[in-house]
2 protein chains.
Amino acid sequence: MNPSASLQPVLIDGQWRKSAASGSFQAINPRTRTPLDAVYPISTWTDCERALDAAARAFDTLRNLPVERIARFLEAYADRIEQRAAAIVELANLETALPVTPRLQEIELPRTTGQLRQAAAAAREGSWRLATIDTRANIRSYLAPIGPVAVFGPNNFPLAFGSVSGGDFAAAIAAGNPVIGKANSSHPGTTRLLAEEAQRAAEENDMPPGMVQLLYRLPHEEGERLVIDPRLAATGYTGSRQAGLRLKRAADVAGKPIFLEMSSINPVVLLPGALEERSAEIAAEFTTSCLMGTGQFCTNPGLVILLAGEAGERWIREVVDRFSQAPAGTLLSASVQESLLSAIKIIESAGGQRLTEPAGAPDDRVCCANTLLRISAGQFLAQPAALQTEAFGNASLLVVAANVEQLVRVMESLAGNLTGTIYSATGGQDDPAYDRLEPVLRRRVGRLINDKMPTGVAVSPAMNHGGPYPATGNSLFTAVGIPASLPRFSTLQCFDNVRPQRLPRWLRDKNPTGRTWRYVDRGWTQADVSR
Amino acid sequence: MNPSASLQPVLIDGQWRKSAASGSFQAINPRTRTPLDAVYPISTWTDCERALDAAARAFDTLRNLPVERIARFLEAYADRIEQRAAAIVELANLETALPVTPRLQEIELPRTTGQLRQAAAAAREGSWRLATIDTRANIRSYLAPIGPVAVFGPNNFPLAFGSVSGGDFAAAIAAGNPVIGKANSSHPGTTRLLAEEAQRAAEENDMPPGMVQLLYRLPHEEGERLVIDPRLAATGYTGSRQAGLRLKRAADVAGKPIFLEMSSINPVVLLPGALEERSAEIAAEFTTSCLMGTGQFCTNPGLVILLAGEAGERWIREVVDRFSQAPAGTLLSASVQESLLSAIKIIESAGGQRLTEPAGAPDDRVCCANTLLRISAGQFLAQPAALQTEAFGNASLLVVAANVEQLVRVMESLAGNLTGTIYSATGGQDDPAYDRLEPVLRRRVGRLINDKMPTGVAVSPAMNHGGPYPATGNSLFTAVGIPASLPRFSTLQCFDNVRPQRLPRWLRDKNPTGRTWRYVDRGWTQADVSR
C-alpha cells in the first residue's frame, strides 16, 4: 500500500488533513459496478489518537459554552445542507443508487435538516435533561453531557443516519458532546460533503475544533480500540448485527456505553378478518413497503404471518403478482447483494419455498429479483433461528399458520425486533385473536403497529426506533425521535449541597430559559424555584 | 453434602417449599464467630427453573392487574415489616452485628418501609413512566414493565438494600415486575423474615404466586445461568466488583440488561482554606463518616486528598487521634474482614504508610483496627490502580499533594466513583482551586458533594446513587431515589396507530389517574388528551 498524495483528507481537530493511512478505498457506483474517482484513506490508530485528543479538548471547551451556540451551530448546519442540497443528493445517488426524487431530495434530506433543527430546539430548551430538584434536601440532578461520542453510520440512509449528519450525530451534539464520525464505506463522498458543511457551520459559530471529526474507514481492531479508549465516552452504531456485536463485546468489557441498532425482520400479522375486508389494499401496502428503497430499511416487513385458507391464498397470489411485475431496484452495494442472496439461500435451505423468479438476476447493476418465500408455521417452528435470518433488501418470507394457536407459537419463537404489526378487521371479528397475540408480540418489539406497514418511522417525540435485543443493545432507548434519543449520550449527574453559583444553569433556582420543564419537589414546572 | 429435612425452605411460586439443594450453609454471628442455628439450602438449577417458570406466569397475570393492587401490596408489606420490626432487627443484629439502635431500628428499617411506600406512590401515580403522546401522528410511548427481575442483595444493608425488601426490589415491583431475590449469604434469616411478610402481603392483596420469590444461595455458574435465562428480563446487583463483573459478562453476551452497583472509594478533597477555617469540625465529620457502620457503606470516604503544609498535618494528627480513640466496630463477616485486611496490605505494599495501630486486631469478633494510611501524591500517581483498591470497612487512605496541580493529576487518575466531595472555605479563597478541580472530579463521580461527607444517601427523587464504571455498570442510572430508580426495570414501548381501546391505560386520552404527568405534544401536562 502506498498512501498517495491524492487521498482525500480526514477531518481532525478542525482541519482537513492528510490521513496517516494504512490503505485506501473507493466508493462503487452500484448501477454500474464501477469505482467512483475519489480515493479515501483507511485510517491507522494515529488518526484515531489525534481525533481522540481533539475531541477531549473540544469537550473541555464545550463545558463553558452556552448551549445557545450549539443550537445555532446545528441550525446553521441544516441551512448549509439545504444550500448544497443538489450536490449532496447527486453524489449520494451515485454512491447508493437511491433515487434523487423523491427519496433523497424530498424525503431524506428534509428529514435530516428537520432532525438537526429539532435537535437544536431540544438543546436550547433542555426539558429532556430531566432536571430534578429537591429543595428540602438541596439535592439536584440532571442528564449532563457524557463526553466525546463515536458514531458509526449505516449504509442505507446516507443523510438521515449519516455519521456526521444523522440521528445519532444530532442527538450526541445536542446533548453537548463532540462527535467522531466513522463514515460508512459505501458513501464516503456524501459524508465528506456533509462534514465540510458541518465544519464550516462549526467555525462560523465558534464551536471548538474537534466538535465534528470524520474518519472514513478503520480496520475492525482499530474500531474496537476506538470505542474503549478512555477519551471516548460512548458510541452510537447502526449497521449489521455481526459488526455491531463485535463493537458491543469490546465496549461491554470496558464498561463503555454503546447504543446499537442492528437488525430486525419486523413481523407483520395479517388476521383473517382484515384479509376478507381489504385484501387488495393490504397487498398493495405490503408491496410498496417491502420494495420501497429496494427493501433496504431497518423496518422492512421481512416476515408476514397469516392463517391458512382461501383468503390467505388469495392475498399471497396477489402479492406474488405485484412482486413479479414490479421492477427490481438497485441495491446499495455488492456486499448488500451478497448478504441478501446468502440470506435467501439460508431461508430456502431451511424449507422456504420460492414464490417468485430466481433471485440472482443477471444484470450489470447490483440487484436481486424481488423475492417472496413461503413456509408453513410448522416448518418455521422447526428452525426458527435460520428462518429469522434478516434478508436485508427486497425480499420477504410468508409464514402460513394452521390456526391462531400456531400463529402464537410462531410469535413466541421470535427474537427481539424493532417493530411488530397486526392488521385486523375493523368490525371486531379479529379481536379475540388480537387479544391472544398482542401480549406475545408486544414484549418482542419496540413499536407495536396497527393496520399499517412498519416502514414509516416518524421523527416524533413518541417514536421508538428501538427494541429488545438483538434488534438493539438495550430496549430502554430509541435511536429516532427528539428529544427521546438524546439521553443515550448523557450521564446522570447529581449535585448534593453544592453552592448555588457552582451549579450548572439547568439546576439553578432561576429557570434557565424561562420555559424549561423541571421536576421540582415531585411535580413538573416551568417556574423558577422559590425557597 | 446431605440435603437434610431441617433445611429452611425456599419461597417459590407462592409456597415455602423444600429446596432442590446441592448443599447447605449457616449464617455466622460476627460477634462470636459462631454459626447461628438455622441451616439454609444452596439451590440447584432445579430451584431456579421452578422460580423462573413461576415468575413468567406471574408476569403474564400482572399485565391485567390494576397498578393500585401493586401499590397496596407494597404498602401492606411496609406495614407488616413494622409489625414484625422487633424480630427482624434482632435477627439482623445477630447476623450482621449492625447495632439495633440507632442503625437497624431507627434508621435502616424506617428507610426500608419509606422506600416501599414511596415506590407504592410512584406505581400508583405513574409520572415516571414518561408517557409521551403525539396526537397528530397518533404515536404513543411509555416505560412499560420489563418482565421478571433477579435481585442480588449486598451484605451491608440487610433491610434497605435487601433482595426482597430493598431499593432494587421496590423499584422492580413498582415498575410492574415479579422479583426473584437471591439473599446475601451473610443474613439469610433476616431475608427469610422479610420474605415471609412479603409473601403474606402478596397473598392478602391477590398478587400472583411468584410475585416475590426467594433463593438463599446459588453456585456462581447457576447465578450466571439465571441472569441470562430467556424467562428473566433484567437483573439488579449490589455487591463486590468481582462477582458483579462475572454476572455482567454473562448478561452482556446474552444482551440482558443488568444494573450493578459494585465499588467506590469516594474521594474527598479538603482544600486548604476549609482546613484553616474548620479543621476540627471536618476531622470529626470525617471520623464519624468513615467509622459509622464500621465503614461498611458504598459511599464510605476511602480516599482523602489534601495539600501538604501545616494545616494538613494538623488535620491528619487530629484524625489519627480520633481513629485511635474510637472503638473498632465489628465487621459484617469473616470475608469482609479478609478483604479489608487484604486491601490494606495491597495499599501498604504500594507505599501506603500506616498511621494507626496494626490492622489485625486479635479478637474473638470479626474486626479490624480503625486504620488510616498515608501516601504522597507522587507515590499515588506511580501506582494509581493498586492505591484505588477498595478497603471496604473502617479504613481510609490520605493522599498528600504538593500543590493544586498535583491534586488535579490525582483526580485525573481516578476511576469512576459513586461520589466525590470537595470541602472549601466559605470565604472564597479556595474557589480558584475548586474551579480547577471540579471539572476533573465531576466527570468521574455520580454525585458531587460540597462541604459534607458522602455517607448520607437521602432517598430523594434527585438522588444519584450511581456513577461511571466501575462504580456501576452504567452511569445513566441510579439505584437509590424514587422514582428515578424505577426506569431501570422498564422497557420503552411505542404504540403506533394502535386503536384506542387497545392502548395501556397510561396512554389513553383520559389521564389514567387525573394527576399523572404526561408529555403531550411537547409539553408536560396532567390534563386529558383532547383531540
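**Exercise 1. Strand β13(B)**

Task: Which residues of β13(B) lie on one side and which on the other, and are they buried or exposed?

Solution. Work on the predicted model.
- Step 1. Take one face of β13(B): B:I258 and B:L260 sit there.
- Step 2. Turn to the other face: B:F259 and B:E261 sit there.
- Step 3. Apply the cut-off: a residue is buried if 20 or more other C-beta atoms lie within 10 Å of its own. B:I258, B:L260, B:F259 and B:E261 are all buried, so both faces of β13(B) are covered.
- Step 4. Find the partner strand. β12 (residues 234–238) of chain B pairs with β13(B) in the parallel sense, over 4 bridges.
- Step 5. Pin down one pair: B:E261 in β13(B) has B:T238 opposite.

**Exercise 2. A glycine in a loop**

Task: Where is B:G255 found, and what does B:G255 touch?

Solution.
- Step 1. Locate the residue. The loop between α8 (241–253) and β13 (258–261) of chain B holds B:G255.
- Step 2. Count neighbours. B:G255 has 22 C-beta neighbours inside 10 Å, so B:G255 counts as buried.
- Step 3. List the contacts, leaving out residues up to four places away in sequence. They are A:Y469, A:P470 and A:G473.
- Step 4. Check a distance. B:A170 is 85 residues from B:G255 in sequence, and their C-alpha atoms are 24 Å apart in space.

**Exercise 3. How the chains relate**

Task: What turn and what shift lay chain B on chain A?

Solution.
- Step 1. Read the operation: a turn of 180 degrees, with a shift of 0.0 Å along the axis. The RMSD is 0.0 Å.
- Step 2. Name the relation: it is that of a two-fold axis.
- Step 3. Compare the contact surfaces. The same surface serves both copies, as 100% of the contact residues of chain B recur in chain A.

**Exercise 4. What makes the contact**

Task: How many residues does each chain give to the contact, and which element of chain B supplies the largest share?

Solution.
- Step 1. Count by chain: 52 residues come from chain B and 52 residues from chain A.
- Step 2. List elements of chain B that each supply at least two residues: β7 (132–134), β8 (139–145), α15 (431–442), β20 (445–450) and β21 (490–496).
- Step 3. Pick the largest share: β21(B), with 7 residues.
- Step 4. Sort the side of chain B that touches chain A by class. There are 23 nonpolar, 17 polar and 12 charged residues.

**Exercise 5. A sheet that spans both chains**

Task: In what order do the 12 strands run in the open sheet that includes β20(B), and which strands stand at the edges?

Solution.
- Step 1. Write the order: β23(A)-β22(A)-β7(A)-β8(A)-β21(A)-β20(B)-β19(B)-β14(B)-β15(B)-β18(B)-β17(B)-β16(B), with mixed pairing.
- Step 2. Find the edges. β23 (523–525) of chain A and β16 (353–354) of chain B each have a single partner strand, so one side of each is left without a neighbour in the sheet.
- Step 3. Look at the crossing between chains. Strand β21 (residues 490–496) of chain A and β20(B) run parallel and are joined by 3 bridges. Partners include A:F495 with B:L448, and A:C494 with B:R447.
- Step 4. Follow β20(B) to its partner in chain B. Strand β19 (residues 417–423) of chain B pairs with β20(B) in parallel over 5 bridges. B:I449 in β20(B) has B:T421 opposite.
- Step 5. Judge burial: 5 of the 6 residues of β20(B) are buried, so the strand is mostly covered.
- Step 6. Move along the sheet. β17 (residues 371–376) and β18 (residues 395–401) of chain B run parallel, joined by 6 bridges. There, B:A395 in β18(B) faces B:T371.
- Step 7. Add a helix. α15(B) lies across β21 of chain A and across β14 (267–270), β19 and β20 of chain B. α15(B) runs at about 175 degrees to β19(B).

**Exercise 6. The nonpolar core**

Task: Which residues have the most contacts inside the largest nonpolar core, and what does A:V399 touch?

Solution.
- Step 1. Size the core: 342 residues.
- Step 2. Name those with the most contacts inside it: A:L74, A:A174, A:V399, B:L74, B:A174 and B:V399.
- Step 3. Set out the contacts of A:V399, again without residues up to four places away in sequence: A:L303, A:V304, A:I305, A:I375, A:A377, A:F380 and A:V410.
- Step 4. Recall the general rule. In soluble globular proteins, nonpolar side chains tend to be buried together.

Notes: Residues are numbered from 1 along each chain as its sequence is written. Chains are lettered from A and ligands numbered from 1 in the order in which they are written. This is a predicted model: local features need pLDDT of at least 70, side-chain atom pairs count only at pLDDT 80 or more; totals for chains, interfaces and linings use all residues. Copies are superposed by least squares on the C-alpha atoms of residues with pLDDT of at least 70 in both. Two residues are in contact if their C-beta atoms, placed from the backbone, lie within 7 Å. A nonpolar core is a set of buried Ala, Val, Leu, Ile, Met, Phe, Trp, Tyr and Cys residues joined through C-beta atoms within 7 Å. A residue is buried if 20 or more other C-beta atoms lie within 10 Å of its own, exposed if 12 or fewer, and partly exposed in between; C-beta atoms are placed from the backbone. Ala, Val, Leu, Ile, Met, Phe, Trp, Tyr, Cys and Pro count as nonpolar, Asp, Glu, Lys and Arg as charged, and the others, Gly among them, as polar. Two strands pair if DSSP finds at least two bridges between them. Axes are lines fitted to C-alpha atoms, for helices over the stretch in contact, and angles run from 0 to 180 degrees between N-to-C directions.
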